[in-house]
Amino acid sequence: MDRIRTAVIGTGFMGRTHLEALRRVENVDVVEVAATSLDKARAAADGYNVLNATGDWRDVIADPSIEAVHIATPNDSHFPIAKAAFEAGKHVLCEKPLAMSVAEARALVDLQAAKKLRGAVNHNLRYYPIVQQMRRMREAGEFGEILVVQGTYSQDWMLYQTDWNWRVDPAVSGASRVMADIGSHFFDMAEHVTGLKVSAVCSDLQTFWPTRKRPKSGGESFSGKLGVAAETVNATVTTEDFGSTIFRMGRARGAMTASQVSAGRKNGLVLEIYGTKGGASWRQESPDELWLGHRNSPNQLLLKDPSLLTEKARGFADYPGGHAEGYPDTHKQLFRRFYASIADPSLAPDYPQMADGLRQLKILEAELASHKAHAWVDVSD
């Protein structure tokens with residue numbers, strides 16, 4: 001198989017996650033790392049044995065030998081970098097949210113189609129083997145007609161007033177924080193697993209800390225939890241710490257919450273689906289377990305074991321039963337499928353598309369409008 005040359009733009013928490021996962025994709029060579037400074041880029045490149053480093057992402061775009069780029073930068077730079085990459089003929093794998101607005105995301109979808117390139121959004125959480133098992137069981141009709149979809153995505157890393165991250169700044173992250181950052185994961189997974197589309201939402205958002213203590217330097221994701229003592233300034237906060245949404249998916253009804261102030265919950269994504277024949281519940285903090293509920297027989301707990309998964313879910317598990325597969329493995333599974341589609345243009349994409357990123361921004365736009373109007377808002381097609 002021909003080698004594919006790629007580059008990673010961004011060296012924070014997600015940039016390093018991409019670099020680590022790419023080492024596990026057999027036909028890919030990471031040839032350059034870009035950051036906001038040459039020193040940052042060089043440090044990351046040296047750590048992952050990458051030859052080239054640059055303090056300007058435009059150097060990556062200008063290199064014709066680089067076929068694909070990973071965008072793992074703050075939200076406000078996703079659109080300009082992805083746009084430049086597509087215009088230069090490069091395939092793009094972008095962190096979510098895809099862009100700062102529906103209009104920007106739609107422009108990227110259209111540009112990708114015009115250029116006939118591959119484009120993916122890193123909704124990696126679809127790729128836990130048990131999540132795929134839920135999806136395949138639903139496709140086989142084992143839950144019957146889906147009636148109820150519910151869950152949460154709860155974290156605690158922004159619980160204190162002294163917790164800070166670039167995501168707090170709407171100029172960098174956009175008008176929403178919690179719903180854009182983690183609520184989008186819930187809705188992407190809910191639609192992926194159920195096969196249903198959110199048609200309308202009614203949302204309520206809350207900012208518990210309208211003023212936060214912003215450090216004069218630093219602010220990488222999750223770093224504030226280490227309690228670093230530093231000089232701070234008061235910063236006004238307009239993005240939400242918590243959000244709740246009730247929603248409609250055709251006849252099905254749903255409810256979800258997203259929070260970054262839930263003490264003790266580190267990465268508490270929960271998805272539950274209930275149908276006319278049975279139900280299922282999955283928790284990211286115990287990702288190898290699937291609870292299966294029944295009305296007239298004992299409930300079950302399925303543990304991940306490729307030999308016990310459905311045929312279509314089995315390909316998302318690389319290790320035998322009893323060998324845990326977690327967050328890093330989800331990136332590996334998505335990246336492998338992305339690069340397989342580059343190597344073989346005849347393959348149908350088996351990963352979240354740019355259109356899926358646009359879809360999540362449409363849901364987010366409806367949630368923000370609903371909160372402002374105190375009313376139900378339809379999600380546009």
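## Close-up views of the predicted model

**View 1. Tyr153 meets its partner across two strands.** Look in strand β12 (residues 252-259) and you'll find Ala258, the bridge partner of Tyr153. This is a predicted model, in which local features need pLDDT of at least 70 and side-chain atom pairs need 80 or more, while totals for chains, interfaces and linings use all residues. Residues are numbered from 1 along each chain as its sequence is written, and side-chain values use heavy atoms, leaving out hydrogens and water. Strand β7 (residues 146-154) runs parallel to β12, and seven bridges join the two. (Strands are DSSP runs of E, at least two residues; helices are runs of H or I, at least four. Strands pair when DSSP finds at least two bridges.)

**View 2. β7 also pairs with β13.** Here strand β13 (residues 268-275) is antiparallel to β7, and eight bridges hold the pairing. For a landmark, find Gln150: Glu272 of β13 stands opposite.

**View 3. Six strands line up in an open sheet.** Follow the order β3-β2-β1-β4-β5-β6, with parallel pairing throughout the sheet. At the edges are β3 (52-54) and β6 (119-121), each of which pairs on one side only. Zoom in on β1 and β2, and you can count six bridges in their parallel pairing. Thr6 is a good residue to pick out, with Val30 of β2 standing opposite.

**View 4. Helix α1 is wrapped up by its surroundings.** Why call helix α1 (residues 13-22) largely enclosed by the rest of the structure? Seven of its ten residues are buried, so that description fits. (Buried means under 20% relative accessible area, exposed over 50%, partly exposed in between; 1.4 Å probe, protein chains only.) The buried ones in α1 are Met14, Gly15, Thr17, His18, Leu19, Ala21 and Leu22. They pack against several neighbours, including β1 (4-9), β2 (28-34), α2 (38-47) and α10.

**View 5. Ile273 sits in a crowd.** The largest nonpolar core has 72 residues, and Ile273 is one of those with the most contacts inside it, along with Val92, Phe247, Leu271, Trp282 and Leu290. (Such a core is a set of buried Ala, Val, Leu, Ile, Met, Phe, Trp, Tyr and Cys residues joined through side-chain atoms within 4.5 Å.) Helix α8 (residues 178-194) gives this core its largest share, nine residues. Another core, of 27 residues, lies apart from it, with Val28, Tyr48, Val50 and Phe335 among them. Leaving out residues up to four places away in sequence, Ile273 touches Met134, Phe143 and Ala280, among others. (Touching means heavy atoms within 4.5 Å.)

**View 6. Aromatic rings meet edge-to-face.** The count here is seven aromatic pairs. (Rings of Phe, Tyr and Trp, its six-membered ring, pair with centres within 6.5 Å; planes under 30 degrees apart are stacked, over 60 edge-to-face, the rest tilted.) One of them is Phe186 with Phe187, edge-to-face at 5.4 Å centre to centre and 85° between the planes. Both Phe186 and Phe187 are buried. Ring pairs also bring in Phe247, making a cluster with Phe186 and Phe187.

**View 7. Two arginines lie over rings.** Arg248 has its charged end over the ring of Trp376, 3.9 Å from the centre. Over the face of Phe316 lies Arg337, at 4.0 Å from the ring centre. (The rule: NZ of Lys or CZ of Arg within 6 Å of the ring centre and within 35 degrees of the ring normal.)
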